[in-house]
Amino acid sequence: MKPISFEFFPPKTEEGVEKLRNTRKQLAQFHPEYFSVTFGAGGTTQEGTLNTVLEIQKEGLNAAPHLSCIGSTRESIRAIVDQYKANGIRQIVALRGDIPSGMGDFGEFRYANELVSFLREEYGDWFHIEVGAYPEFHPQAPSAEADIRNFVNKVKAGADTAITQYFFNADAYFRFVDEVMARGVTIPIVPGIMPIQNFSQLARFSEMCGAEIPRWLRLRLQAMGDDSASIRAFGLDFVTDLSDRLLGGGAPALHFYTLNAAGAVSTICQRLGY
Ligand SMILES: Cc1cc2nc3c(=O)[nH]c(=O)nc-3n(C[C@H](O)[C@H](O)[C@H](O)COP(=O)(O)OP(=O)(O)OC[C@H]3O[C@@H](n4cnc5c(N)ncnc54)[C@H](O)[C@@H]3O)c2cc1C
């Protein structure tokens with residue numbers, strides 16, 4: 001079986017921490033390669049990310065903190081990364097992050113490739129570095145060509161693996177992989193998989209991150225209205241089928257956006273044979 005990994009966000013309440021422990025327990029049965037934990041832009045979840053990662057590590061599982069650099073100084077990034085290194089963390093998901101509205105100061109890093117270079121310069125090969133990829137292109141990219149060029153540069157700065165933004169169109173992924181491979185990229189590009197559970201939430205996320213919900217899929221989900229059981233059942237079929245096609249077409253692994261819930265992701269993993 002190809003490797004799988006699961007992504008969480010750091011919970012804000014004690015109740016959320018407890019819920020995430022249960023989620024982890026359920027997902028650990030699929031023997032994921034690692035669990036990753038997101039990081040709020042500008043360091044808003046710094047402590048939560050660290051605490052969650054350390055708790056995962058104590059459970060004997062591999063943990064990968066996300067780290068976004070926008071608005072940060074080299075010194076503030078070094079302070080965070082030193083803490084991870086001191087705690088034996090060996091994997092980081094290195095990102096630019098989104099610029100919080102009203103924030104005037106972009107800090108000392110403008111793009112993720114600068115963070116990747118910094119991590120390599122300062123920490124050598126200590127960390128396995130993952131970066132973000134956008135098969136449907138990043139929403140702020142001036143063009144597809146520029147986005148591909150920027151991605152290739154980010155990989156050349158020293159990334160080991162890429163994880164994609166979620167998408168519902170497998171061809172966008174396969175084309176992206178072909179194009180970057182033709183430009184010399186050889187690292188694994190792992191599809192990010194988003195379960196479909198709630199149409200309005202999905203539409204909101206997708207609008208923000210530039211993931212396209214194909215017209216036929218949107219109309220079908222909209223037609224189900226408030227019938228959440230039907231949306232979930234349809235979503236499970238669709239996302240399992242998408243994952244299956246991706247694996248069958250050569251995707252090296254799958255990374256699931258869990259939103260800290262085990263239900264849908266567990267069902268998809270079981271159906272895929274994990
Ligand atoms: C797997 C994954 C996990 C994520 N986790 C988090 C998280 O934990 N916390 C969080 O805040 N956000 C997270 N994000 C969202 C991410 O921070 C945003 O999508 C952000 O807008 C871009 O981050 P990036 O690292 O991909 O940026 P970059 O690779 O820096 O790209 C951002 C934009 O700048 C352009 N660009 C890149 N380099 C250059 C350059 N040298 N010159 C000119 N233009 C350039 C690119 O084409 C693109 O349009 C995640 C995204 C993914 C795919």
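**Reading a ligand site and three helix pairs**

Biologist: At what distance from an oxygen atom of the ligand does a polar side-chain atom of Lys154 lie?

Modeller: A polar contact is a pair of N or O atoms within 3.5 Å, and here a polar side-chain atom of Lys154 lies 2.7 Å from an oxygen atom of the ligand. This is a predicted model, in which local features need pLDDT of at least 70 and side-chain atom pairs count only at pLDDT 80 or more, while totals for chains, interfaces and linings use all residues. Residues are numbered from 1 along each chain as its sequence is written, and side-chain values use heavy atoms, with hydrogens and water left out.

Biologist: Which atoms of the ligand lie by the polar side-chain atoms of His138 and His66?

Modeller: For His138, a polar side-chain atom lies 2.7 Å from an oxygen atom of the ligand, whereas for His66 the partner is a nitrogen atom of the ligand, at 3.0 Å.

Biologist: How many residues surround the ligand?

Modeller: Counting residues with a heavy atom within 4 Å of the ligand, there are 22 of them, and the closest are Phe39, Asp98, Tyr134, Asp147 and Lys154.

Biologist: At what angle do H5 and H6 pack?

Modeller: Helices are DSSP runs (H or I, at least four residues), and angles, from 0 to 180 degrees, compare the N-to-C directions of axes fitted to C-alpha atoms. Helix H5 (residues 144–156) packs against helix H6 (residues 170–182) at about 60 degrees, with the axes 10 Å apart, and that makes H5 oblique to H6. Their contact (heavy atoms within 4.5 Å) joins Ile148, Phe151 and Val152 of H5 with Phe176, Glu179 and Val180 of H6. By class, this contact of H5 with H6 has five nonpolar, no polar and one charged residues.

Biologist: Which residues of H8 and H9 meet, and at what angle do the axes cross?

Modeller: The axes of helix H8 (residues 215–223) and H9 come within 10 Å and cross at roughly 155 degrees, which makes H8 roughly antiparallel (over 145 degrees) to H9. On the H8 side, Trp216, Leu217, Arg220 and Leu221 meet Ile231, Phe234 and Phe238 in H9, and this contact of H8 with H9 has six nonpolar, no polar and one charged residues.

Biologist: Why are H9 and H10 called oblique to each other?

Modeller: Helix H9 (residues 228–248) and helix H10 (residues 263–271) pack at about 50 degrees, with their axes 10 Å apart. The two helices are therefore oblique to each other, a class for angles outside under 35, over 145 and 65 to 115 degrees. The contact is made by Leu236, Asp237, Val239, Thr240 and Ser243 of H9 together with Ala264, Thr267, Ile268 and Arg271 of H10. Here the residues of the contact of H9 with H10 divide into four nonpolar, three polar and two charged, where Asp, Glu, Lys and Arg count as charged, Ala, Val, Leu, Ile, Met, Phe, Trp, Tyr, Cys and Pro as nonpolar, and the others as polar.

Methods
A polar contact is a pair of N or O atoms within 3.5 Å; within protein, one must be able to donate a hydrogen and the other to accept it, and residues adjacent in sequence count only if both atoms are side-chain atoms.
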